[in-house]
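Me: Please take a close look at one helix-helix packing in this model. I would like its geometry, the residues that form it, and some indication of how far the coordinates may be trusted.

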Amino acid sequence: MNVSFQKSFFILAFLALFIAFLVVGKPILVPLGIALLLAFILYPVHKKLTSWGVGNILAGFLSILLMIIIISGGLTFFSAEIIALSDEISNFGAKLSSLYTDVIIYINQNVSFVDQLDEDELLNDLTSWLKDSAGTVLGGTFNSTASFLTGMITMFIYLFLFLIFNKGLVRAFMKFSPADKKEQFFTMLKNIQQVGQKYLSGMLILILILGTLNSIGLWIIGIDSPLLFGFLAASLSIIPYIGTTLGATIPVLYAFMSHDQLWVPFAVAMLFWFVQLLEGNFLNPKIVGSSVNVNAFAAILSLIIGASVWGVAGMVLFLPFAAMLKVICKEYESLEPVGMLIGNDNFEENKKNKKGLFKKLKEKLTSKT
């Protein structure tokens, strides 16, 4: 076994430059990545419209318009539910402030940091701090909203260009393939498109199923606006591992603050635990896992790297990108080890071998007896 320090240096240098490129190019690459995934799922709609005789540009416009209508319907639903809960949200904030002061006073009584700490004085200090920080929060919200809107407009431009120039982009990428590997290279591009399409469509189906299960359970328990909390938790599941936990925390806290009985938040926590167990063992592997086929190690690593590089957008995008990278690695001999580290087939084979070993031991023991 020989180690090539020159080759190792070039690999590490490439990885460092690639990560730096991702960090520096975040304002351009994040909308581009989102647009690419959305183009994969809208491509069949665009293709169907063009087959009906609709022009290429008009078909791209209608496909994006259909997506905007669906997203706007969901946002309208969430907004109406939040407005209906406005009084409860105000009471929730008041109860949270009261809980904060009670906890501080209880700790101070047992540890005694400050002598004669008054609850009203502490509550007034909290209120004044919130008022003083409101301007900073408002300014940060304005800047974030402006950046978000700029990114959304850029993303829609990229999406429109991907749809209307899809054939030209495929022909351009085909020029990178050797003359005797054209068919294999085209199959790889098609598989990449199918991975992105199946991932997004699978996540949409999973969100609908999880949202329905959550909403029915919350309605049975007696939580206000069960559809809002149920589908909000389901929508956050698009962020692997962290999203499901965060989505369950919000309704549990709301139930704890809005109900005097302790069994209500406990029942909500048990509901989301059961739904998460159902999702992790049955729904996700059947609906999304078959298309992504990324092992848990690679999924968690992509989640951590994505969060470090692109924040929340990276946590959402890097998992399907890892699945696409696996498709590319399968077609190149030098990248096969990377594909094996990302894929799930290698680890499933080990499980099968272990099962075969246990079966052989069982057969030997039964044969001796």
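Reply: In this predicted model, helices α6 and α7 are oblique to each other, because the angle at which they pack, about 135°, falls neither over 145, where helices count as roughly antiparallel, nor within 65 to 115, the roughly perpendicular range. Helix α6 spans residues 166-174 and helix α7 residues 182-221, and their axes lie 10 Å apart. The crossing in which α6 passes α7 is right-handed.

On the α6 side, the contact is made by Val-170, Phe-173 and Met-174. These meet Lys-182, Phe-185, Phe-186 and Leu-189 of α7. By class, 6 of the residues in this contact are nonpolar and 1 is charged, with no polar residue among them.

A further contact set involves Phe-231, which is placed in helix α8 (residues 226-236). Beyond its neighbours within four places in sequence, Phe-231 is in contact with Ile-207, Leu-208, Gly-211, Thr-212 and Ser-215, and also with Phe-78. From Phe-231 to Gly-247, 16 residues away in sequence, the C-alpha to C-alpha distance is 9.1 Å.

As to confidence, the mean pLDDT of the protein is 77, and 74% of its residues reach 70 or more. Among its elements, helix α2 (residues 26-51) has the highest mean, 90, and helix α14 (residues 345-368) the lowest, 53. Over residues 134-142 pLDDT stays under 50, and the model has 0 contacts for them beyond four places in sequence. Where pLDDT is low, predicted coordinates should not be read in detail.

Key
Residues numbered from 1 in each chain as written. Predicted model: local features only at pLDDT ≥ 70, side-chain atom pairs only at ≥ 80, totals over all residues. Heavy atoms only, no water. Axes fitted to C-alpha atoms, helices over the stretch in contact; angles between N-to-C directions. Helix = DSSP H or I, 4+ residues; strand = E, 2+ residues; numbered from the N terminus. Parallel < 35°, antiparallel > 145°, perpendicular 65-115°, else oblique. Left-handed = near helix turned anticlockwise from the far one by under 90°. Contact = heavy atoms within 4.5 Å. Nonpolar A, V, L, I, M, F, W, Y, C, P; charged D, E, K, R; others polar. pLDDT = per-residue confidence, 0-100.
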